[in-house]
Amino acid sequence: MNRTTDLLLTALAPVIWGSSYIVATELLPHGYPLTVSLLRALPAGLILLLIVRQLPQAGWRGRVFILGALNFAVFWSMMFLAAYRLPGGVAATLSAVQPLFVLFLARFALGNSLNILGVGAAISGLIGVGMLVLDPGAVLDPIGIIAALIGALSMAFGVVLTRKWQPPVSPLTFTAWQLTAGGVLLIPVALILEPGFPMPTATNLAGLVWLGLIGAALTYYLWFRGIARLGPTTVTGFGFLSPTSAVLLGWVFLDQHLSALQITGVGVVLLSIWVGQRASRPKAPTHDTYTDTPAPLHNAIKPN
């Protein structure tokens with residue numbers, strides 16, 4: 001499979017994540033972000049575990065729970081808290097600093113090079129997201145700002161460590177482990193802070209199925225697969241597609257207004273992603289078929 005196919009499959013994940021806002025607001029009960037996160041992660045992880053039929057070995061369990069916390073439990077909790085404390089545009093813009101965090105973390109954790117073009121692409125993508133979602137009259141709540149930044153940093157660490165810690169299993173198995181671990185970590189938090197979740201209706205169940213099977217199991221499989229094949233600095237810019245997708249879906253399905261500034265923001269985001277891919281593209285591939293994964297790691301990722 002060539003690089004272009006890998007890029008397109010990886011980009012599909014944040015495009016689908018952009019649907020989470022509509023699903024959460026239109027199909028799910030309000031006021032239970034932690035419980036919804038739990039119901040999104042744990043059932044999806046358990047279903048994938050039934051498919052792959054493989055548990056992490058003792059030496060990997062600690063790492064899997066760390067990754068489950070970073071990519072799911074902490075990240076989702078902080079993002080939901082930010083969404084409740086801040087206008088959606090502010091929360092989305094603050095979370096969009098995550099690609100910048102990834103670039104610097106990958107420099108120190110993985111030894112990746114840090115170039116001006118890549119940093120510029122990340123900054124321009126952040127500006128584009130701001131053009132898409134920011135409201136000039138937005139109120140800035142300090143707790144919400146801190147939560148959004150913690151969430152962005154948590155996901156950045158998760159992206160980098162997902163690449164650094166690659167077990168000798170398929171991306172599907174790795175996804176199953178992390179989703180299950182993240183869901184298990186959310187159980188006590190959700191039960192303590194959000195008791196009394198209402199009995200789900202058919203509409204609620206449809207929303208949870210979408211968020212779990214499509215918005216978690218499928219998308220995170222594509223995301224983790226992309227990290228393994230392309231590297232964190234290549235895939236992280238795709239995160240800008242999530243708020244872009246949310247805005248466009250709101251325009252299509254909720255009759256929300258799309259201003260000239262937002263249309264320009266879409267163009268800025270797409271341009272920043274293209275520049276970011278150019279900046280992270282390897283100069284001299286060492287294999288006939290593209291991969292920037294070192295040979296021993298590449299060989300270690302085997303299908304189930």
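In this predicted model, the charged end of R63 sits over the ring of W60, at 5.0 Å from the ring's centre.

Rings also meet other rings here, and the count of aromatic pairs comes to 10. Take F174 and F224: their ring centres are 6.4 Å apart and their planes lie at 45°, so this pair is tilted. The two partners come from distant parts of the chain, with F174 in helix α9 (residues 171-193) and F224 in helix α10, 50 residues apart. Are these two residues buried or exposed? F174 has a relative accessibility of 2%, which makes it buried, and F224, also at 2%, counts as buried too.

F224 has another ring to deal with. The centres of Y220 and F224 are 5.7 Å apart, and because their planes stand at 50°, this pair is tilted as well. Here the partners are both in helix α10, and since they are four residues apart, about one helical turn separates them. That fits the usual pattern: an α-helix has 3.6 residues a turn, so residues three or four places apart point the same way. Y220 is buried, given its relative accessibility of 3%. Zooming out a little, Y220, F224 and F174 belong to one aromatic cluster, which is completed by W17, F72, W76, W177 and W223.

Helix α10 has something to show on the outside, too. I47, I51, V209 and L213 make a nonpolar surface patch of about 340 Å². Two helices, α3 (33-52) and α10 (202-230), each supply at least two of the patch residues. L213 is found in α10, and its relative accessibility of 38% puts it in the partly exposed class, because that class runs from 20% to 50%. So α10 carries both the partly exposed L213 and the buried Y220.

What about α3, the other helix behind the patch? Of its 20 residues, 14 are buried, so α3 is largely enclosed by the rest of the structure. Its length also works out: at 1.5 Å a residue, α3 should span 28 Å, and its end C-alpha atoms are 29 Å apart, which agrees. Just after α3 comes R53, with a positive phi near 50°.

Conventions. Residues are numbered from 1 along each chain as its sequence is written. This is a predicted model: local features need pLDDT of at least 70, side-chain atom pairs count only at pLDDT 80 or more; totals for chains, interfaces and linings use all residues. Side-chain values use heavy atoms; hydrogens and water are left out. Patches are made of residues with over 30% relative accessible area and no salt bridge: like charges are joined within 9 Å, nonpolar side chains (Val, Leu, Ile, Met, Phe, Trp, Tyr) within 5 Å. Accessible areas come from the Shrake-Rupley method with a 1.4 Å probe; for residues, only the protein chains shown count as cover. A salt bridge is a side-chain nitrogen of Lys or Arg within 4 Å of a carboxyl oxygen of Asp or Glu. Buried means under 20% relative accessible area, exposed over 50%, partly exposed in between (1.4 Å probe, protein chains only). Rings of Phe, Tyr and Trp (its six-membered ring) pair if their centres lie within 6.5 Å; planes under 30 degrees apart count as stacked, over 60 as edge-to-face and the rest as tilted. A charge sits over a ring if NZ of Lys or CZ of Arg is within 6 Å of the ring centre and within 35 degrees of the ring normal. The expected span of a helix is 1.5 Å times one less than its number of residues.
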